[in-house]
Amino acid sequence: MGELAEFPLDGAERLSRQERLESLRRRMAAIPARGEAERVVAPVAVPADRLLPVPEPLAEVLPQGGLVRGSVVSVSGATSLLIGILASATAAGGHAAVIGHRRLSLLAAAEMGAQLQRVAVIPDPGPDPVEIAAVLLDGMDLVILGLGGIAVPPSRTRAVAARARSKGAVLVVVDGRWDGAQVRLDAQVSGYEGLEVGRGRLCGTRLSVRAQGRAFPARTTRMDVCATRTRIEWMHADRGDSSRRPDRPVAL
């Protein structure tokens with residue numbers, strides 16, 4: 001007969017057999033079953049210099065108020081949110097790369113405050129865009145990776161995520177499957193400003209944004225992307241200022 005291995009228990013020599021069995025049962029019950037959602041772990045405060053800024057309405061639903069350097073973020077839905085993240089990061093002095101995303105409007109990014117001289121664009125990265133992203137993580141604060149609908153194997157995602165952590169960069173993945181992202185953002189258009197009975201100029205877009213991560217449960221907020229005379233601004237939909245109504249078309 002084979003030998004039974006014992007689980008190490010603190011103070012095991014002082015516990016009776018029944019107490020040891022009860023302790024083991026509690027530990028086993030705490031292990032999530034296959035397919036069961038992982039427990040949410042309370043977020044740890046991150047210094048400001050370890051964060052990339054995001055549009056203010058989005059910051060309100062992220063526990064740290066920004067994107068943590070060294071993390072992987074999955075973004076889906078309306079492209080406006082992705083453009084806002086790019087604009088916020090470069091406006092704050094960060095450098096960014098956009099890989100394999102041909103439809104990203106640099107005009108809209110500039111009108112949101114992006115510094116385009118800090119943006120590198122690789123519209124056609126070739127057969128292995130993930131490898132290009134892994135290389136650029138070495139010198140960029142933000143890397144936006146368009147996957148073109150592919151699913152990246154978990155072994156590859158873990159390796160690239162480890163590189164992002166070691167370099168202190170944020171990797172944003174779109175248009176594909178990437179398991180293991182620390183934060184997932186989904187933006188859906190929920191309304192427009194300036195259109196009446198199918199006529200008029202599109203001057204603003206309302207987004208419904210859902211954020212969820214390993215360290216926090218799902219949160220949803222609404223935000224407006226509005227064009228003023230000089231730029232495109234982000235506003236919380238429930239706190240919009242009537243004096244800042246959009247007065248020109250939005251270039252999204």
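Leu106, Leu116 and Val121 come together as a nonpolar patch on the surface, with about 200 Å² of accessible area between them. Patches of this kind gather residues with over 30% relative accessible area and no salt bridge, nonpolar side chains (Val, Leu, Ile, Met, Phe, Trp, Tyr) being joined within 5 Å and like charges within 9 Å. Accessible areas follow the Shrake-Rupley method with a 1.4 Å probe, and for residues only the protein chains shown count as cover. Of the patch members, Val121 sits in strand β5 (residues 119–122). Val121 is partly exposed, at a relative accessible area of 39%; here buried means under 20%, exposed means over 50%, and partly exposed is the range in between (1.4 Å probe, protein chains only).

The model is a predicted one, in which local features need pLDDT of at least 70 and side-chain atom pairs count only at pLDDT 80 or more, while totals for chains, interfaces and linings use all residues. Residues are numbered from 1 along each chain as its sequence is written, and side-chain values use heavy atoms, with hydrogens and water left out.

Confidence is a helpful place to continue. The chain has a mean pLDDT (the predictor's confidence in each residue, from 0 to 100) of 83, and 73% of its residues reach 70 or more. Residues 1–13 have a pLDDT below 50, and this stretch makes nine contacts in the model beyond near neighbours in sequence. A contact here means heavy atoms within 4.5 Å. Over residues 240–252 the pLDDT again stays under 50, and the model has 44 contacts for them beyond four places in sequence.

As for the overall architecture, the chain holds six helices and eleven strands. These elements are DSSP runs numbered from the N terminus, helices being H or I over at least four residues and strands E over at least two. Of the 252 residues in the chain, 41% are buried. The accessible surface amounts to about 14,500 Å², and carbon and sulfur atoms account for 51% of this area. Among contacts between residues at least 6 apart in sequence, 59% join residues at least 24 apart.

Helix α3 (residues 79–91) has 13 residues, which should span 18 Å at 1.5 Å a residue, and its end C-alpha atoms are indeed 18 Å apart. The expected span is 1.5 Å times one less than the number of residues in the helix. The helix is mostly covered, eleven of its 13 residues being buried; among them are Leu81, Leu82, Ile83, Ile85 and Leu86. Just after α3, Gly93 adopts a positive phi of about 105°.

Two loops between strands also deserve a look. Asp175 falls in the loop between β7 (170–174) and β8 (183–196), and its phi is near 60°, a positive value in a residue other than glycine. Ala215 belongs to the loop between β9 (199–213) and β10 (216–227). Ala215 is partly exposed, with a relative accessible area of 28%. Its C-alpha lies 7.9 Å from that of Gln182, although the two are 33 residues apart in sequence.

Turning to charged pairs, a search of the whole structure finds six salt bridges, each defined as a side-chain nitrogen of Lys or Arg within 4 Å of a carboxyl oxygen of Asp or Glu. One of the six joins the side chains of Arg69 and Asp141, at 2.9 Å from N to O. Arg69 is in the loop between β2 (67–68) and β3 (72–77) and Asp141 in the loop between α5 (129–136) and β6 (142–146), so this pair ties together parts that are 72 residues apart in sequence. Arg69 is buried, with a relative accessible area of 18%.

Asp128 and Arg156 also meet through their side chains in a salt bridge, at 3.1 Å from N to O. Because Asp128 lies in the loop between β5 and α5 and Arg156 in helix α6 (residues 154–167), the pair ties together parts 28 residues apart in sequence. Both partners are partly exposed, Asp128 at a relative accessible area of 30% and Arg156 at 28%. Lys167 forms a salt bridge with Asp138, their closest N and O atoms being 3.3 Å apart. With Lys167 in helix α6 and Asp138 in the loop between α5 and β6, this pair ties together parts that are 29 residues apart in sequence. Lys167 is partly exposed at 37% relative accessible area, and Asp138 is partly exposed at 47%. Finally, salt bridges with shared partners join Asp128, Glu131 and Arg156 into one network.
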